[in-house]
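Welcome! Here is a short tour to read alongside the sequence and the 3D view.

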Amino acid sequence: MGSFVDFQNEIYLAGLGGAVPELPLTAAGLEERARELLGSEAFAYVAGSASAERTAAVNRSAFDRYRIMPRMLRGTSGPGARDLSVEVLGTRLAAPVLTAPIGVLELLHEGGEVIVAEVTKELGIGTVLSTLASSTIEDVGAAAGSWWYQLYWPADNELARSFVERAVRAGASAIVVTVDTPSLGWRPRDLEFAHLPFLHGKGITNYLSDPVFRAKLPAPPEESADAMRAAILTWSDLFGNHALRPADLARLREWTDLPIAVKGILHPDDARQVVDAGADAVVVSNHGGRQVDGAIAALDALPAVVATVGDRADVLFDSGIRTGSDMVTALALGAKAVLYGRPWAYGLGIGGRAGVRHALRVLLADFDSVMGLSGCASPAALGRALIATAR
Ligand code: FNR
C-alpha cells in the first residue's frame, strides 16, 4: 500500500481529467454538508453537546494554544520515508488512530458499524465498537480488522459479563470502559426534538440480542409492540450504573485477559485510581463535550494525566480532533493514539461507505503530510520539543 498522503495526488490527478471531489475536504465541510443532508433529528444527535456547548467549543480552541515547530532537512518528506504505525494495547495500527465509539449509527446509515469496521480494516487503523451500536457485536467482529469493544457497564454485572464475553468471542482485542456516562448529559438539541433514539428501539441491538438481557423480558421483543416496549423499559432501567467504582475493574479482569482502557478520564487523580485498580490505559476524553458543559477541554487535561500515569499506562485521547495537526499536537503531548469522532460519522451520514472512507482518508493524509513536513519519520519522533505554546 502507498502512503496515506497519496490521496493528495489522487485528487490532483483526477482534476486533470476535470473531476473535483464530491465530498468536502475538511471536518467543518463534512459537518456543513451533514447539516444540509441529514434529517434534523439525526444531525442534532451527532452535532449536539451538553447545555451551552462551551466544552465542545473549548475542545477545539484548546488546540489554538499550541503551535508545531516543524523541523527541516531531515529527509522525512519523500515516498517511503515515514512509518506511521504504532502498537497500542497490543494492537498494531497503520497510524495512531481508531474510530471513536459512536452509538446508534442507524441514524446515519444502515449497517453503519459494519461499514466502519470494513473501512478501518482496509485502511489498517482501528475501530472501537459502541455498546449502543445498531449492529451486533458478532456482525462487527466478523467484518473488522483491529477492533476494541466499548462497554457501557450496565447496572447488572451478569449482563456486563455477557457483553464482554461476546466481544471476546467475536475477536475484540481490548475492552474500553466508558465511565463518563452513567446517565446522559443535558443535551438541548435532542431535548428540543424530544428525541432519544433508544426509546424508539434504536441503538439497543446488543441488548435485544443478548441472552442475559432477554432472560429478563416477559416476552421476546420481536413478538409484539408491547413486548418491545417492555424491552425498552428494561433497557432504560439497566443502562446506567451509578454504583460502578474503580475496584470493579478487578471484576472485569476476571472476565477477560484483554487489555482494559478506561474512557472519559479528565482528572489526574481519577487516572491514578483506575490505573491502580488495574486499567492498562486511559482515554482522556470529555465525550466531545456531551456530558458536563463547562468541563475542561480534553486537550488541557491531557498533560497532567500523562504526567501522572504515563509511565505505567498508555494514554489515549479524544474530543476535538479534526485535523492531522491536531493529531500531532495530542501525540506530542503524550497520547499514544487518538480516537476520531464526529467527522467520520458525518461522512457516513452523507456518503455511506464512500463517505466514511473519504473522511478517514482526509484525516490520515493530513496527518501523513504534517508528519513528513515537520521532520517526523514516525510517531516515536513526536514529543514536547516539537510544539510551542502560542501567545
Ligand atoms: C459519542 N461518544 C460515545 N462514546 C462512547 O464511549 N460510547 C458511545 O456510544 C458514544 N456515542 C456517541 C455518539 C455520538 C453521536 C457522539 C458525537 C459521540 C463519544 C465519542 O466516543 C468521543 O468521545 C467523542 O465523539 C469525541 O468528541 P469529538 O472529537 O467527536 O467532538
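Is Asp280 buried, partly exposed or exposed? Asp280 counts as partly exposed, at 29% relative accessibility. Please keep in mind that this is a predicted model. The points below go through the salt bridges, the nonpolar cores, one histidine, the cavities and the largest pocket.

**Salt bridges**

- The structure holds 23 salt bridges, and a few of them are described here.
- Asp280 pairs with Arg253 in a salt bridge, at 2.8 Å from N to O.
- This pair links distant parts of the chain, 27 residues apart: Arg253 belongs to helix α12 (residues 249-255), while Asp280 sits in the loop between α13 (268-276) and β9 (281-284).
- Like its partner, which is partly exposed, Arg253 is partly exposed, with a relative accessible area of 30%.
- Another salt bridge joins Arg166 and Asp210, whose closest N and O atoms are 3.1 Å apart.
- Arg166 lies in helix α7 (residues 157-169) and Asp210 in the loop between α9 (205-208) and α10 (211-214), so this salt bridge ties together parts that are 44 residues apart in sequence.
- Both ends of that bridge are buried: the relative accessible area is 4% for Arg166 and 0% for Asp210.
- Lys336 and Asp314 also meet through their side chains in a salt bridge, at 4.0 Å from N to O.
- Because Lys336 is in the loop between α15 (324-332) and β11 (337-340) and Asp314 is in strand β10 (residues 314-317), the pair ties together parts 22 residues apart in sequence.
- Here the two partners fall on either side of the 20% cut-off for buried: Lys336 is partly exposed at 37% relative accessibility, whereas Asp314 is buried at 19%.
- Salt bridges with shared partners also join Glu31, Glu32 and Arg35 into one network.

**Nonpolar cores**

- As background, nonpolar side chains in soluble globular proteins tend to be buried together.
- The largest nonpolar core in this model has 110 residues, and Tyr149, Phe317 and Trp344 have the most contacts inside it.
- Helix α16 (residues 342-373) provides the largest share of this core, with 13 residues.
- Beyond the residues up to four places away in sequence, Tyr149 touches a list of residues that includes Val128, Leu129, Ile137, Phe163 and Val176.
- Ser130 and Thr131 are also among the residues that Tyr149 touches.
- Apart from the largest core lies another one of 16 residues, among them Val128, Trp148, Val283 and Leu339.

**A buried histidine**

- His195 is found in the loop between α8 (188-192) and α9.
- With a relative accessible area of 9%, His195 is buried.
- Setting aside neighbours within four places in sequence, the contacts of His195 are Glu41, Leu107, Asp190 and His200.

**Cavities**

- How is empty space found? Rolling a probe the size of a water molecule over the atoms shows where it is left.
- The structure holds two cavities of 30 Å³ or more.
- The largest cavity has a volume of about 460 Å³.
- Its lining is made up of 31 residues, and Pro101, Ile102, Gly103, His287 and Arg290 are the closest to its centre.
- Sorted by class, 15 of the residues lining the largest cavity are nonpolar, ten are polar and six are charged.
- For the second largest cavity, the volume is about 80 Å³.
- Around the second largest cavity there are 13 lining residues, with Leu105, Glu113, Thr127, Val128 and Leu129 nearest its centre.
- Two elements, α5 (112-123) and β5 (126-129), each supply at least two residues of the lining of the second largest cavity.
- The lining of the second largest cavity divides into nine nonpolar residues, three polar and one charged.

**The largest pocket**

- The largest pocket has a volume of about 530 Å³.
- Of the 30 residues that line the largest pocket, Thr178, Val179, Asp180, Gly264 and Ile265 lie nearest its centre.
- Two or more residues of this lining come from each of β7 (175-178), β8 (260-265) and α13.
- In the lining of the largest pocket, 15 residues are nonpolar, eleven are polar and four are charged.

Technical notes. Residues are numbered from 1 along each chain as its sequence is written. This is a predicted model: local features need pLDDT of at least 70, side-chain atom pairs count only at pLDDT 80 or more; totals for chains, interfaces and linings use all residues. Side-chain values use heavy atoms; hydrogens and water are left out. On a 1 Å grid over the protein atoms alone, a cavity is a set of points where a 1.4 Å probe fits but cannot get out, and a pocket is an open set with protein on both sides within 12 Å along at least five of seven lines; lining residues have an atom within 4 Å of a point. Grid points are joined across faces, edges and corners, and a volume is the space filled by probe spheres set on the points. Ala, Val, Leu, Ile, Met, Phe, Trp, Tyr, Cys and Pro count as nonpolar, Asp, Glu, Lys and Arg as charged, and the others, Gly among them, as polar. Helices (H or I, at least four residues) and strands (E, at least two) are DSSP runs, numbered from the N terminus. Buried means under 20% relative accessible area, exposed over 50%, partly exposed in between (1.4 Å probe, protein chains only). A nonpolar core is a set of buried Ala, Val, Leu, Ile, Met, Phe, Trp, Tyr and Cys residues joined through side-chain atoms within 4.5 Å. Contact means heavy atoms within 4.5 Å.
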